[in-house]
Amino acid sequence: MNLSESFRFAWRGVTANKARSFLTMLGVLIGVASVIALVAVGNGASASVTNTLNSLGSNTLTILPGANSGGFGFGPGGGGDGSDDSNSATDSGTDIRAVQLTLEDARALADRSQAPDVLGVAPVVSPASVIATYRGASHTVSSTSGTTPSYLLIDNDTVASGREFTDADYLAHSRVALLGVTVAKDLVGGDGSAVLGKVINLDGNAFTVIGLLTAKGSQGPQDSDDRVLAPATAVQDTLAGYENLSSISVKATSAATVDAAQAQVESILDARHGTNDSNRDFSVTSSASFLSAASTITSVFTLLLGAIAGISLLVGGIGVMNIMLVTVTERTREIGIRKAIGAGRGDIIAQFLLEAVMLSMFGGLLGVLIGSLVGLVHVGTFSPVVSTGSVVLAFSFSLAVGLIFGLYPANRAASLKPIDALRYE
């Protein structure tokens with residue numbers, strides 16, 4: 001018997017009991033769709049995290065106060081001009097170093113003679129829970145930053161309408177502000193553009209809105225447009241007090257010079273704070289290191305999701321084998337007749353193996369279709385990313401499932417002796 005005849009017999013076997021065949025395919029369908037969908041979710045999460053970190057730039061550094069090493073306990077940072085940051089108190093043999101970053105630290109980092117690989121420096125003051133109000137409308141701002149004009153360059157920010165604040169605004173302690181789209185919309189409605197030129201209150205202090213920041217969208221639960229930027233001098237005058245900085249943002253001259261810039265930053269601050277790499281009272285992190293760590297985490301996450309979905313596909317394969325064993329039992333007399341009139345062992349194996357492969361193939365095709373539709377789903381700014389690799393892998397695995405789990409029933413059918421099969425009731 002040739003292969004076309006085997007296909008014909010297999011097709012008849014699959015279509016003889018349509019409901020049972022569909023239910024068998026359903027297990028494979030769910031498995032394939034799950035693999036594609038969950039891997040797409042993992043890929044989407046990875047892309048979202050990568051886009052967020054890339055928006056910060058691959059050559060940015062963030063300096064934070066409060067690194068704790070070598071058994072040091074760090075107390076709250078007090079004010080200071082940065083000229084005597086190495087002072088410490090001794091209490092029962094334990095050093096207590098004030099945690100602080102100052103404007104003088106930021107100015108020192110901006111000295112190109114000491115830090116030739118640093119392109120820009122922006123001190124940041126971040127008062128908490130600032131409430132913006134305008135004509136009865138109120139909004140609690142998630143992120144308020146007092147900084148310098150260079151912050152926009154470092155953070156890859158642009159102004160969509162209006163103007164940026166300038167060095168003159170910074171030096172004059174001008175109470176001007178740039179609003180994120182979310183804040184602007186909550187205060188004036190519409191697209192928020194009506195707030196331009198208006199005087200709003202930030203914790204009761206009047207600020208003139210001079211610009212709207214370009215929308216960045218939401219990244220998971222965090223709204224990147226729920227923010228206010230203003231000159232650090234004005235923020236210290238009104239919202240934060242003349243305390244130490246929350247952080248310092250630094251931009252290297254290029255992605256290739258990030259390591260060199262970080263070394264220069266650490267060297268300058270070590271000299272100013274009287275610290276070294278074993279007892280620093282600050283930490284320096286780069287967006288590149290965050291990106292590398294995030295990529296590793298999301299890759300493992302995606303692999304885990306795919307493995308979990310693969311289990312359901314394996315269960316679907318067991319269902320295929322179960323149904324094929326039932327089919328062999330039901331068609332024992334048919335097998336005996338076919339062998340009695342000349343069908344060989346290979347013909348019987350081909351027939352039942354093809355039936356199993358057909359069930360897996362049709363289930364796999366439907367699973368690919370349904371799983372691929374997940375890529376059309378959008379939740380906020382998050383979108384699953386269906387990869388060609390996951391589709392090919394899932395479909396190939398479904399065919400392998402048909403072959404592997406169909407082989408035993410097919411071999412069992414081919415092993416029946418004609419005389420025993422014909423006597424079977």
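**Exercise 1. Describe the accessible surface and the overall make-up of the protein.**

Step 1. In this predicted model, the accessible surface of the protein comes to about 19700 Å², and carbon and sulfur atoms account for 61% of that area.

Step 2. Turning to the interior, buried residues make up 45% of the 425 residues, where buried stands for a relative accessible area under 20%.

Step 3. The secondary structure consists of 13 helices and 17 strands, and of the contacts with a separation of 6 or more, 77% are between residues 24 or more positions apart.

**Exercise 2. Work out which strands form the open sheet that contains β1, and what packs on it.**

Step 1. Begin with the order of the strands, which is β5-β16-β1-β17, four strands in an open sheet with antiparallel pairing. The edges are held by β5 (118–124) and β17 (282–286), each of which pairs on one side only, and from one strand to the next the twist averages 20°.

Step 2. Next, look at the pairing of β1 (residues 60–65) with β17, where the two strands run antiparallel and are joined by five bridges. Within this pairing, proline 65 stands opposite phenylalanine 282 in β17.

Step 3. Finally, add the helix: α8 (residues 258–273) packs on the sheet and touches β1, β5, β16 (247–252) and β17, while the direction of α8 makes about 170° with that of β17.

**Exercise 3. Decide whether asparagine 156 is buried, partly exposed or exposed, and place it in the chain.**

Step 1. Asparagine 156 is found in the loop between α4 (150–154) and β9 (159–162).

Step 2. The relative accessible area of asparagine 156 is 39%; because buried requires a value under 20% and exposed a value over 50%, this residue is classed as partly exposed.

Step 3. For a spatial reference point, take threonine 60, which is 96 residues from asparagine 156 in sequence, whereas the C-alpha to C-alpha distance between the two is 9.8 Å.

**Exercise 4. Identify the residues that form a nonpolar patch on the surface with Leu366, and characterise leucine 366 itself.**

Step 1. The patch is formed by Leu366, Leu369 and Ile370, which together have about 260 Å² of accessible area.

Step 2. Leucine 366 belongs to helix α11 (residues 345–372).

Step 3. With a relative accessible area of 35%, leucine 366 is partly exposed, and this value is therefore over the 30% that a patch residue needs.

Notes: Residues numbered from 1 in each chain as written. Predicted model: local features only at pLDDT ≥ 70, side-chain atom pairs only at ≥ 80, totals over all residues. Heavy atoms only, no water. Buried < 20%, exposed > 50% of the residue type's maximum accessible area, 1.4 Å probe, protein only. Contact = heavy atoms within 4.5 Å. Areas by Shrake-Rupley, 256 points an atom, 1.4 Å probe, with all protein chains shown as cover. Patch = residues over 30% accessible without salt bridge, like charges linked within 9 Å, V, L, I, M, F, W, Y side chains within 5 Å. Salt bridge = Lys/Arg side-chain N within 4 Å of Asp/Glu carboxyl O. Pairing = 2+ DSSP bridges. Axes fitted to C-alpha atoms, helices over the stretch in contact; angles between N-to-C directions.
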